[in-house]
Amino acid sequence: MNKPLLPSIPVLIAGGGPVGLTLSALLSAQGIANLVIEDDEGYCSGSRAICMSRRSQEILGWVGADKALVAKGLSWVGGRSYWRHNEVLHFQMPSEPTQRFAPMVNIQQFYVEEFAHRAAQAAGDLAQVAWASRVTAVRPGADGVQVEVVTPDGPHTVQAGWLVACDGGRSTVREQLGLQLEGTQYDGKYVIVDVVQKTRRAVERLAWFDPPSNPGSTILMHRQPDDVWRIDYQIRDDEDPLEAVKPENVLPRVQSHLNMIGETEPWEPLWISIYNAKCLTLPSYRHGRVMFAGDAAHLVPIFGVRGLNSGLDDAGNLAWKLARVVRGQSPDGLLDSYSTERVHATRENIAFGAKSTEFMAPPNFAYQLMREATLRLAEGDAQVRSLINPRQSTPITYVGSPLNADATEGWSHDMAAPGAPAPEALLQDGQGAFHLSSRFGRDFLVLALGPVHQQEPTLPGLELLSIDPAMDVHGQAWQRYGLPAASDQALVLVRPDGYVMGRWHGHDPAPVFQALATTGVLS
């Protein structure tokens, strides 16, 4: 049962998928009341987005949703690609004993929605979800947005201070504002099937090009929790998509492939859908008091698993900025940086996703010939094999962001330059070992690296974490933050979303406050 809708709310979120529910949890953790409007009666059905990057796990960790996800999910060990019968690529995921999260975890989207929703509920009464409800009209104004909502109890009008559209590729909010996505849509279509079958195979990303089980097709497979296989296979251009998803046409193809790879346990289908790759984005994700995130803002190909992961990055970027604006701590111009940074990220994701799509689903005969030549060469040439890997999702560096402080010189590398994701490090203090990233996601954090000669720097209103060389037992902080020597001192300003805003030699706090003022973070 839905609670009665309040007539006004600081933030209304259209869409209760993983992006909308994660944004709700992040805002709730910041003390911002919010209302989610979701058309479905509950969490989604079918696997949908299944691969969660390390960055996404970190974002969910800011609201305590990471433990359930890690416990349920299956961590990748690597991947294999085959051309016909022959293995042409085998890679292992980069990992180290000190890591906090695995590089990639397989888990069905409905679990992500559930864990994010639970996290929002744990924050108290700040978050409300109206299930089986939909936004029907949007009227933006100078001081807020009037939103018409239809619920099982009838129509309602809600006055929202801010509206965030997380309502997917067919966004009603986007349509109401007369906005259109721009870019490229590919013709190649994939049938997506979830089947239950026990297996002993490792958790790897598996791909077959022109397999004997389905000649001319491309097939992808991922293990998921609950003994579920996720299988994606390409259909011919002349196949009718409506016919292609009928069980009588899907199940024989699945059976043929399972027979080919030696998976003989009994199986049954759970869910069937169809997909085609799109490289589309809005030019701007802010329109007055209406913001766009996830598929409502951009559609990127599944290859390289950038869709949901980029949507959660949208939520992580937007939540702290919107919370500061609602609380009156920052001018609303701060929200322009959300659009600037995330449009930049989308364009990078689209560039990588387009290359992967052109390989996985060649758009014409010329691309098909190039792919076949690459696969032939990859059998005997290790240097060619990297071209087969679809370049998995990685955090984007916000080059040219208006929030980046001026770069300073004298560092051993640019891994922690302004605009970069703040590097992880496993540290040790009097309470025991902890990961540096576990301190992100709250407020601005200042890292004071290096020995304190007299007293700690004074940074009123900011969280300070002093890291002396003895705490850096693995040498990760000094190496990853670019300090040339253990005796060096530095201050690093980390944004609430775990991005470096600036770094300076020494422990003088003045540049930190200057950066916050000149970038427009402070009112």
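# A walk around helix α8

Let's start with a pair of helices: α1 crosses α8 in a right-handed way. Keep in mind as you look that this is a predicted model. To find the pair, look for residues 18–29, which make up α1, and residues 307–327, which make up α8. Two packed helices are described by the angle between their axes and the distance between the axes. Here the angle is about 30° and the axes are 9 Å apart. Angles under 35 degrees count as roughly parallel, so α1 and α8 are roughly parallel to each other.

What does α1 bring to this meeting? From its side come P18, V19, T22, L23, L26 and L27. Across from them, α8 offers L308, G311, L312, A315, G316, L318, A319, L322 and A323. Sort this contact by class and you get 12 nonpolar residues, 3 polar ones and no charged ones.

Now stay with α8 and bring in another partner. Helix α2 covers residues 54–61 and packs against α8 at an angle of about 40°, with the axes 9 Å apart. Which hand does this crossing have, left or right? For α2 passing α8, the crossing is left-handed. The residues involved are R55, S56 and I59 on the α2 side, with N309, L312 and D313 on the α8 side. By class, the contact of α2 with α8 splits into 2 nonpolar, 2 polar and 2 charged residues. You may recognise L312: it is in the α8 list for α1 and also in the α8 list for α2.

There is one more partner to visit, helix α9, which spans residues 334–360. The axes of α8 and α9 come within 9 Å and cross at roughly 170°. Angles over 145 degrees count as roughly antiparallel, and that is why α8 and α9 are described as roughly antiparallel to each other. On the α8 side, the contact uses S310, D313, D314, N317, L318, W320, K321, L322, R324 and V325. On the α9 side you'll find L334, L335, S337, Y338, E341, R342 and N349. This contact of α8 with α9 includes 7 nonpolar, 4 polar and 6 charged residues.

Next, some empty space. Helix α2 turns up again here, since it gives the most to the lining of the second largest pocket, with 3 residues. Strand β6 (86–92) also supplies at least two residues of that lining, as α2 does. The pocket holds about 860 Å³ of space. How many residues line this pocket? The count is 31, and R54, R55, T394, P395 and E424 are the ones nearest the centre. So R55 is worth finding on your screen, as one of the residues nearest the pocket's centre and part of the α2 contact with α8. By class, the pocket lining has 13 nonpolar, 11 polar and 7 charged residues.

Finally, look for enclosed spaces. The model has 2 cavities of 30 Å³ or more. The second largest cavity contains about 40 Å³ of space, and its lining is made of N214, I219, I231, Y233, R253, V254 and H257. Two elements each give two or more residues to this lining, namely β15 (228–234) and α7 (247–260). Which element has the largest share? That is α7, with 3 residues. By class, the cavity lining has 4 nonpolar residues, 2 polar and 1 charged.

Note on methods. Residues numbered from 1 in each chain as written. Predicted model: local features only at pLDDT ≥ 70, side-chain atom pairs only at ≥ 80, totals over all residues. Heavy atoms only, no water. Axes fitted to C-alpha atoms, helices over the stretch in contact; angles between N-to-C directions. Helix = DSSP H or I, 4+ residues; strand = E, 2+ residues; numbered from the N terminus. Parallel < 35°, antiparallel > 145°, perpendicular 65-115°, else oblique. Left-handed = near helix turned anticlockwise from the far one by under 90°. Contact = heavy atoms within 4.5 Å. Nonpolar A, V, L, I, M, F, W, Y, C, P; charged D, E, K, R; others polar. 1 Å grid on protein atoms, 1.4 Å probe; cavity = no way out; pocket = protein on both sides within 12 Å on 5 of 7 lines; lining within 4 Å. Points joined across faces, edges and corners; volume = space filled by probe spheres on them.
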